[in-house]
Amino acid sequence: MQHFISVDQLSEIDIFNLIKKAESYRKHEYQINQQLFAANLFFEPSTRTKTSFIVAERKLGLEVLDFHPEASSVQKGESLYDTVKTFEAIGANMLVIRHEDDHWYEEVEGLSIPVINAGAGKVEHPSQCLLDLLTIYQEFGGFEGIHIVIAGDIKHSRVARSNAKALDRLGAKVYLTAANGYQDETLQFPYISMDEAVKICDVMMLLRVQHERHTEHHQMINYLTTYGLTKEREQKMKEKAIIMHPAPVNRGVEIDADLIESKRSRIFKQMNNGVFIRMAMISHLLQKWGMDHEHHIEKREIFTGIQ
Ligand code: CP
């Protein structure tokens with residue numbers, strides 16, 4: 001693997017190994033034993049992804065280079081390509097990039113340092129997908145036959161796309177629920193109503209209405225009661241079913257605010273998992289590039305097959 005752009009690049013065994021690696025990093029500290037610089041180039045706003053990449057990099061012993069597009073030469077018209085070439089020339093050993101362009105990663109293919117996709121437009125969000133897979137794995141011990149409903153603004157969501165494809169490949173049963181205007185027919189999974197969804201799901205994966213990506217205005221009156229997870233609907237979920245959301249959350253829009261920290265919610269667990277799965281992604285990629293020769297994780301900790 002040259003760059004970490006999509007979960008599609010990973011085999012099922014790779015995915016399970018990353019999950020196991022993330023869990024081993026939670027239990028055992030691990031530091032890369034050489035000076036390496038990581039730069040997080042976020043051209044779109046982020047709280048969780050950027051902060052958890054910074055924490056993951058520091059836990060691995062990387063030196064983190066600062067970058068804020070609003071205070072950089074981006075303001076003088078410097079392109080994404082020239083920005084990444086600049087970081088490469090100055091000595092960054094790894095880049096983490098988020099950009100609004102659906103296909104920005106095509107511009108960095110020839111780079112001599114590894115790149116991790118931290119969000120590409122409406123198309124891919126692989127680190128979110130992997131932390132979601134880790135969260136589901138912790139809960140159910142696997143994916144085969146688990147009923148996952150992805151609910152909300154599917155059309156504008158990179159999380160929906162990455163997760164639906166990966167979960168389907170891992171044997172989960174994926175369903176979608178969305179208001180008219182938020183559906184995306186390019187995703188070949190059945191659409192059901194929210195009232196059906198709450199009854200069948202093991203995982204209710206809610207999505208934020210992404211107003212910033214909308215090119216047309218959809219008048220959504222009573223969104224919560226018509227399409228969202230209300231307290232009344234939550235009562236109809238299976239006993240062991242969980243609620244997930246990549247966040248940020250529109251409280252009282254896609255979910256009743258009282259459910260965000262409820263017993264079923266794994267929303268803050270997902271954020272915590274994000275640190276460890278990003279550590280696993282970084283060290284996996286650096287090992288592929290010969291920059292990290294992991295030594296301390298005992299062989300028995302590394303997963304060797306699908307359970
Ligand atoms: N879930 C997620 O990507 O959050 P941020 O936009 O805050 O990084």
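How far apart do the C-alpha centres of domain 1 and domain 2 lie? They lie 26 Å apart. The legends below refer to a predicted model.

**View 1. Domain 1 meets domain 2.** The domain assignment splits the protein into domain 1 (7-125 + 270-301) and domain 2 (126-268). The C-alpha centres of these two domains are separated by 26 Å. In the contact, domain 1 contributes 35 residues and domain 2 contributes 33. About 3000 Å² is buried between domain 1 and domain 2. Carbon and sulfur atoms give 57% of that area. On the domain 1 side, Lys122, His125 and Gln270 supply 28% of the area buried against domain 2. No other three residues of domain 1 supply more.

**View 2. Helix H1 crosses helix H9.** H1 covers residues 12-27. Its axis and that of H9 are 8 Å apart, and the packing angle is about 110 degrees. Angles of 65 to 115 degrees count as roughly perpendicular. H1 and H9 are therefore roughly perpendicular to each other. The crossing is right-handed. From H1, the contact uses Leu18, Ile19, Lys21, Ala22, Tyr25 and Arg26. From H9 come Lys269, Asn272, Asn273, Phe276, Ile277, Met279, Ala280, Met281, Ser283, His284 and Gln287. By class, the contact of H1 with H9 holds nine nonpolar, five polar and three charged residues.

**View 3. Helix H2 packs on helix H9.** H2 spans residues 48-59, and H9 spans residues 267-288. Their axes come within 8 Å and cross at roughly 55 degrees. That angle makes H2 oblique to H9. H2 passes H9 with a right-handed crossing. The H2 side of the contact consists of Arg48, Thr49, Ser52, Phe53, Val55, Ala56, Glu57 and Lys59. The H9 side consists of Met271, Gly274, Val275, Phe276, Arg278, Met279 and Ile282. Eight residues of the contact of H2 with H9 are nonpolar, three are polar and four are charged. Phe276 and Met279 of H9 appear here and also in the contact with H1.

**View 4. Helix H4 packs on helix H5.** H4 runs over residues 126-140 and H5 over residues 158-169. The two helices pack at about 50 degrees, with axes 9 Å apart. H4 is thus oblique to H5. The crossing of H4 and H5 is right-handed. H4 offers Pro126, Gln128, Cys129, Asp132, Leu133 and Ile136. H5 answers with Val159, Ser162, Asn163, Ala166 and Leu167. The contact of H4 with H5 has seven nonpolar residues, three polar ones and one charged one.

**View 5. A cis peptide bond in the loop between E8 and H9.** Strand E8 covers residues 242-244. Which two residues does the cis peptide bond join? It joins Ala247 and Pro248, with omega at about 5 degrees. Pro248 is placed in the loop between E8 and H9. Ala247 is also placed in the loop between E8 and H9. The phi of Ala247 is near 65 degrees. That is a positive value in a residue other than glycine.

Terms used. Residues are numbered from 1 along each chain as its sequence is written. This is a predicted model: local features need pLDDT of at least 70, side-chain atom pairs count only at pLDDT 80 or more; totals for chains, interfaces and linings use all residues. Side-chain values use heavy atoms; hydrogens and water are left out. Axes are lines fitted to C-alpha atoms, for helices over the stretch in contact, and angles run from 0 to 180 degrees between N-to-C directions. Helices (H or I, at least four residues) and strands (E, at least two) are DSSP runs, numbered from the N terminus. Angles under 35 degrees count as roughly parallel, over 145 as roughly antiparallel, 65 to 115 as roughly perpendicular and the rest as oblique. A crossing is left-handed if the near helix is turned anticlockwise from the far one by less than a right angle, and right-handed if clockwise. Contact means heavy atoms within 4.5 Å. Ala, Val, Leu, Ile, Met, Phe, Trp, Tyr, Cys and Pro count as nonpolar, Asp, Glu, Lys and Arg as charged, and the others, Gly among them, as polar. Domain bounds come from an automatic or database domain assignment. Buried area is the accessible area (1.4 Å probe) that two parts lose on being put together, summed over both.
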